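User: I should like to go through this structure one question at a time. Please give the reasoning first and close each reply on the value or name requested.

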Amino acid sequence: MAAGDVGSDGGRRGAGSDGGSGSGTDADRVREGIIRLLNSPDPQSLLVTVLELGLAGAGAYGGSVFVADEDGWLRLAGYLGTNEEVLRRFPAIAPDSSLPLAVAVREQRPVHGVSDDLVERYPDLAGLQEEVHFLVMPLLVDDRCLGGLVVQYDRPGAPAPDDHRLLTMVTEVCAHRLEHLLMREGAERAATTFEPEAAASTGAQADAPTGPKGIAGPKDIADPTDVADPSAVADPAAVDPADVQRRSQSRRTRLELAMSSGDIGSFEWDIPSGIVIADERTIRLFGFDPDRFDSLVSTFLGAVHPDDLDELLVTIERSKREGAHHAVHRVVWPDGSVRWLESKGSIEYAPDGEPALMVGVVWDCTAQRERVSRREARREFVLKVTNSFAAALSTRDVLDTMTGTVLPELGATALAIHIEQEGRLLLAGAAGYPESTLSRLRLIGTVANNPMSEALRAGHPLFFGSREEYLERFPDPRLRPTDSHGAFVFLPLASADGTVGTCLISYDRPRRFTHDDQIITAAIAGILTQSLARSRLSDLFRRRMTDLQELMMPRALPRLPGFEIAARYLPAAEGMQVGGDWFDLLPREDGGASLVIGDVEGHSAQAAGVMGQLRTALRAHAYDGYRAEHLMARGNHTLWGLDTDRFATCCIVDVSPRAGHLQVVRAGHPSPLQAEPDGTVHELPTPGALPLGYAPADRYPVYHGQLQPGAALLLYTDGLVDTPDRPYDEAVAAVSAELSQWMTRPQHGSTDRQGDLEALADGLVSSGRAANGSTHPGYDDVAVLLVRRTSWETGPVRMVR
């Protein structure tokens, strides 16, 4: 038979070895298993746990445990998932046998074997015909070997290093616990546990039950005459105390080595006395020096973070009642550093039912907690950025979001976004760069082999942790960054639909980009790409709609002798679509004019189209000689006949060319404001009627008024005063106050009177937009039409352009 040492070839990863950084299921299984090993009340339950933990953790499918008698013979103690025909052939193995188990125990080293090596010697055993790989792990305590653990698996080659470490830890813990049980229970308890109802001294035979959880006991397959003499086990009373102390110290050392391979510490807390017997690793996990530790539970609790202590104490009390312990908390080391620890254990009770002993394991889970914290921080950051970009409807909004939200979160100081247009990268916006650098950023896309094009070709972000690293890759002076920046990231912005552009993020000092940085920047690149693509479509659509709106509005207003006229239109800043606001001045043959302002319901291309039709119809009817009252009626018939399911508000003011007489009609529209030369402002008490398009036969009462020289009239759409966060009357009062202030200010008498009125129009739409408040910027379209009478006119007056 051939047998070799355990190899080192790699394979499947077993339980995690970083205190929780591996598979959570594997790591938890190992820790729970170790607790069960340390709490095993008898050898049989110990063997159950050894086989279950060793097989499940190392990915094997079968195994068996052999215990050495005093005469050196290896007797089968239990098995799981192993061919019983083979085990019947080998119920006991001589110490000088060439079988792998005897070699491993005799030479005290792991041995790897293959069933093919045994086929020629045992051709009648069908269980050896299929290739089976097995590993024998000796159960070592100091310089003695208590037996061996045989693990079977069907993967070629020796177990992977991680699996071998796991099996080493399991066998080490098992060996020390097994010796402890044998010493504590004495010869009779050990004999009856391993060989129930089988006494070699009487030669009696009895059927023994199978081990728990599918673990077969030795009497299932072995002849009782093969069982070791129970008297061979040492009587604890006869053990030399000095030898016990030496062995105990040695056991602690070897057990520490075994447990440390899994980054796990173990402890036993004698609850009534408050004494904790812990291995060196546990003591160090709490930040103490093992040579100076006083073994008091109060000392352990003193290291717990103050914010976690109360919860831990509650958990301990609950553990005493329920019998199982599990806690996660922080500890503060003497140097001030904070670590996260996780512990699990079980409670043993005294005969009177009071909790007497807690046996458990503890490990450092700081890395795992930090990973979870970083993952949660990344998730929160991505959600925050996504929500911010969701409200960005234009390229300018995207740039503002990047500047206001993304840069502070990344700790960066500057960014530049280039948009791809017709194969060129054009600067769309930048923040945090000096003016001298902006000109360079505008040209960087035209330089061959520039970093932005390189990032697009690579298909992933380019990270440069220092200026030297960047300049080594891109030495062209035209690509040289500003001296105030020390690290750079170039994000390619491309999707399945094509290239959108690039984004440059700059830091003010050198930086080491971590894996988290790479994940976050990749997420930003994806979100930014989609947002820019959406905003570009929005910008294009809005630009076309604005062009349509402007095409339907008058390019210029005719001049009206004796009057100054100014008009403004400001589309809403929010939303992709324009509205139906409009204004017009319709000249009459007698030199007078009809001032018109209106608003078609809705914000859409349809609203703009209806507005254009209605404006054209009113111009045609005015040319036919209709005045305010009848002109409004003709407009109502027109809108009704269009059958668009839309209505429109409108106000028409007829102004006479000489006397300044006013005729005002209103269809659901705000009343005009009239400002007198002394600064008095009032709403014209114009009778109202239904908006246009509601009733085809509606009539429109006429208000007659007078506009004195120096007085002004303001017509406006509701976008100037109708906001969701301010009462209508309050908004009208604010506009009236601004108009009154303008009428009485000294600049009113300047020589550039028309320019003065234009400035008033600009001020009204600007203050109206600002009055909407920061929460609703540009809530609605705004249109204003201002008329101020400058002098008395005599004789016929003709309008001129």
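User: Among contacts between residues at least 6 apart in sequence, what share joins residues at least 24 apart?
Analyst: The model is a predicted one. The set considered holds contacts in the protein between residues at least 6 apart in sequence. Within that set, the share that joins residues at least 24 apart is 64%.

User: What percentage of the residues of the protein count as buried?
Analyst: A residue counts as buried when its relative accessible area is under 20%. The protein has 801 residues, and the portion that counts as buried is 50%.

User: How much of the area that the protein exposes is supplied by carbon and sulfur atoms?
Analyst: The protein exposes about 36,300 Å². Of this area, the part supplied by carbon and sulfur atoms is 52%.

User: How many helices and strands make up the secondary structure?
Analyst: Two of the strands, S13 and S14, run antiparallel and are joined by seven bridges. For the protein, the secondary structure comes to 20 helices and 28 strands.

User: Which strands stand at the edges of the open sheet that has the order S14-S13-S17-S16-S15?
Analyst: This open sheet has five strands with antiparallel pairing. An edge strand pairs on one side only, and this applies to residues 424–431 and residues 462–464. The twist from one strand to the next averages 15°. The edge strands are S14 and S15.

User: Which residue of S14 stands opposite His418?
Analyst: Strand S13 covers residues 414–421 and is joined to S14 by seven bridges. Opposite His418, the residue in S14 is Leu427.

User: At what angle to S13 does helix H12 run?
Analyst: Helix H12 comprises residues 395–410 and lies across S13, S14 and S17. Helix H14 (residues 451–458) also packs on the sheet, and its direction makes about 50° with that of S16. For H12, the angle to S13 is about 145°.

User: In the open sheet with the order S18-S28-S27-S23-S24, which strands are left without a neighbour on one side, and why?
Analyst: The five strands of this sheet pair in the antiparallel sense. Two strands, residues 563–570 and residues 681–683, stand at the edges with a single partner strand each, so one side of each has no neighbour in the sheet. Neighbouring strands are turned by 15° against each other on average, direction ignored. The strands at the edges are S18 and S24.

User: Which helix packs on this sheet and touches S23, S24, S27 and S28?
Analyst: S23 and S24 pair over three bridges, with Ala675 opposite Val681 in S24. The helix that touches these two strands, as well as S27 and S28, spans residues 728–744 and makes about 25° with the direction of S23. That helix is H19.

User: Is Gln674 buried or exposed?
Analyst: Gln674 lies in strand S23. Beyond four places in sequence, the residues it touches include Leu662, His682, Gln706 and Leu713. Because its relative accessibility is 4%, Gln674 counts as buried.

User: With which side chain does that of Gln674 make a polar contact of 2.9 Å?
Analyst: Gln674 belongs to the strand formed by residues 673–675. The 2.9 Å contact joins its side chain to that of Glu676.

User: Why does Cys651 form no bond with the closest cysteine sulfur, and how many disulfides does the whole structure hold?
Analyst: A disulfide is a covalent bond between the sulfur atoms of two cysteines. The closest cysteine sulfur to that of Cys651 is in Cys650, and the separation of 7.1 Å is too far for a bond. Cys651 counts as buried at 1% relative accessibility, and Cys174 likewise counts as buried at 1%. A search of the whole structure gives a disulfide count of zero.

Terms used:
Residues numbered from 1 in each chain as written. Predicted model: local features only at pLDDT ≥ 70, side-chain atom pairs only at ≥ 80, totals over all residues. Heavy atoms only, no water. Helix = DSSP H or I, 4+ residues; strand = E, 2+ residues; numbered from the N terminus. Buried < 20%, exposed > 50% of the residue type's maximum accessible area, 1.4 Å probe, protein only. Polar contact = N/O pair within 3.5 Å; in protein donor to acceptor, adjacent residues only side chain to side chain. Contact = heavy atoms within 4.5 Å. Pairing = 2+ DSSP bridges. Axes fitted to C-alpha atoms, helices over the stretch in contact; angles between N-to-C directions. Disulfide = S-S within 2.5 Å. Areas by Shrake-Rupley, 256 points an atom, 1.4 Å probe, with all protein chains shown as cover.
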